[in-house]
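Hello,

Here is the structure I promised to pass on to you. Please have a look at it first, and then read my notes underneath.

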Amino acid sequence: MPQSIAMSLLTGAALSAVALTGAVAVEPAPQAVITAPAPDAVLLDLNAPEAQARGADVTLQNDALIDGGSAILQFGFANGEIGAARYNIDPGLFPIKIKRVQIFWASALSNGTQSLQDSILIYTGNFNLLANLEGPVMTDGALNEFDLEPLNIVINSPTQLTVGLQFFDAPNGDVLKGTLATDNNGCQSGLNWVFIPGNGSWFNLCSFGVSGDLVIRTIIDPMGAPPACPEDLNGDNVVDTADLGLLLAVFGQTPPSIAEADINNDGTCDTADLGILLAAFGTACP
Ligand SMILES: [Ca+2]
Ligand SMILES: [Ca+2]
Ligand SMILES: [Ca+2]
């Protein structure tokens, strides 16, 4: 029977410094395709700014794990099994581009050991395989981030998205091997899945008694979201003479006393900003 173990994350510390607290808790657990080598992982602190979405990007995540919180390591996985997180995405965000995948990976030691796993898999709809990234190297005790932006994976139509990790070097009950983790505040049915190759089927991970949501996050560029309207300096949802007046009032200042007047963010308010505003003149902003 698969097992899990509770661990706690040190506040403010790098995840390589993760410490174990308390006793080992045993919990029942389950046990047009792009094929590309998985990029090298970058290791992140859970709460570091670089772990969050940048700019207009959106982080899809079901887990509530934060630095200082407790993660549950799921040691029940066997080779060939896939643990996967499913996200329901606001249809208004489509088309979306997949930018990065983040997977929290740890063993009872959390000592930075690396292990080669089978693949990162990306599905749309009801497990329609969209991309298969082979051979991800996972580092123990860290949020492993994989940059998928160069693969240019764009999903045009509103759909569910499911992102999974297929095991090649699975723990199979060995708490010294790295594995997927969940949060500890409940497992949301329908958002956590496991593929068991022996059955050839996907199962609701929560139904195996797993008590949390898998810490598998996906950062997307919501290409269909309304663009920001930086030319609307006064925020009244239209680019008009009021905005022009504000820009002209600080024209030539470095930096301008009205920060919004530096539309192109180059530190000064000049003809470049004026040109951008005039090009958008009369535009209604969402
Ligand atoms: Ca949860
Ligand atoms: Ca305005
Ligand atoms: Ca400027």
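Below is what I found, going from the whole chain to a few particular places.

Please keep in mind that this is a predicted model. The chain is built with two helices and 18 strands, and 40% of its 286 residues count as buried.

A good place to start is the largest nonpolar core, which has 51 residues. Ala71, Phe104 and Ala181 are the ones with the most contacts inside this core. Strand E7, residues 96-106, gives the most to the core, namely seven residues. If you click on Ala181, you will see that it touches Ala71, Ile72, Leu73, Gln74, Phe104, Ala106 and Val215, leaving aside residues up to four places away in sequence. As a general point, nonpolar side chains in soluble globular proteins tend to be buried together.

From E7 you can step across to strand E18 (residues 216-222). E7 and E18 run antiparallel and are joined by seven bridges, with Gln102 standing opposite Arg217 in E18. Strand E4, residues 58-60, also runs antiparallel to E18, and three bridges join the two. Here Val58 has Ile220 of E18 as its bridge partner. Because six of the seven residues of E18 are buried, this strand is largely enclosed by the rest of the structure.

There is also a second, separate core of eight residues, and Leu233, Leu247, Cys269 and Leu277 are among them.

Now to the helices. How are H1 and H2 oriented relative to each other? H1 (residues 241-249) and H2 (residues 271-279) pack at an angle of about 180°, and their axes are 11 Å apart. The two helices are therefore roughly antiparallel to each other. Asp243, Leu244 and Leu247 of H1 make the contact with Asp273, Leu274 and Leu277 of H2. Sorted by type, the residues of this contact are four nonpolar, no polar and two charged.

One last spot to visit is Gln117, in the loop between strand E8 (114-116) and strand E9 (119-124). Is this loop residue buried or exposed? Gln117 has 23 C-beta neighbours inside 10 Å, so it counts as buried. Leaving aside residues up to four places away in sequence, Gln117 touches Pro136, Met138, Leu165, Gln166, Phe167, Phe168 and Asp169. Gln117 and Ala170 are 53 residues apart in sequence, and their C-alpha atoms are 8.0 Å apart in space.

Enjoy exploring, and write back with any questions.

Best wishes

Technical notes: Residues are numbered from 1 along each chain as its sequence is written. Chains are lettered from A and ligands numbered from 1 in the order in which they are written. This is a predicted model: local features need pLDDT of at least 70, side-chain atom pairs count only at pLDDT 80 or more; totals for chains, interfaces and linings use all residues. A nonpolar core is a set of buried Ala, Val, Leu, Ile, Met, Phe, Trp, Tyr and Cys residues joined through C-beta atoms within 7 Å. A residue is buried if 20 or more other C-beta atoms lie within 10 Å of its own, exposed if 12 or fewer, and partly exposed in between; C-beta atoms are placed from the backbone. Helices (H or I, at least four residues) and strands (E, at least two) are DSSP runs, numbered from the N terminus. Two residues are in contact if their C-beta atoms, placed from the backbone, lie within 7 Å. Two strands pair if DSSP finds at least two bridges between them. Axes are lines fitted to C-alpha atoms, for helices over the stretch in contact, and angles run from 0 to 180 degrees between N-to-C directions. Angles under 35 degrees count as roughly parallel, over 145 as roughly antiparallel, 65 to 115 as roughly perpendicular and the rest as oblique. Ala, Val, Leu, Ile, Met, Phe, Trp, Tyr, Cys and Pro count as nonpolar, Asp, Glu, Lys and Arg as charged, and the others, Gly among them, as polar.
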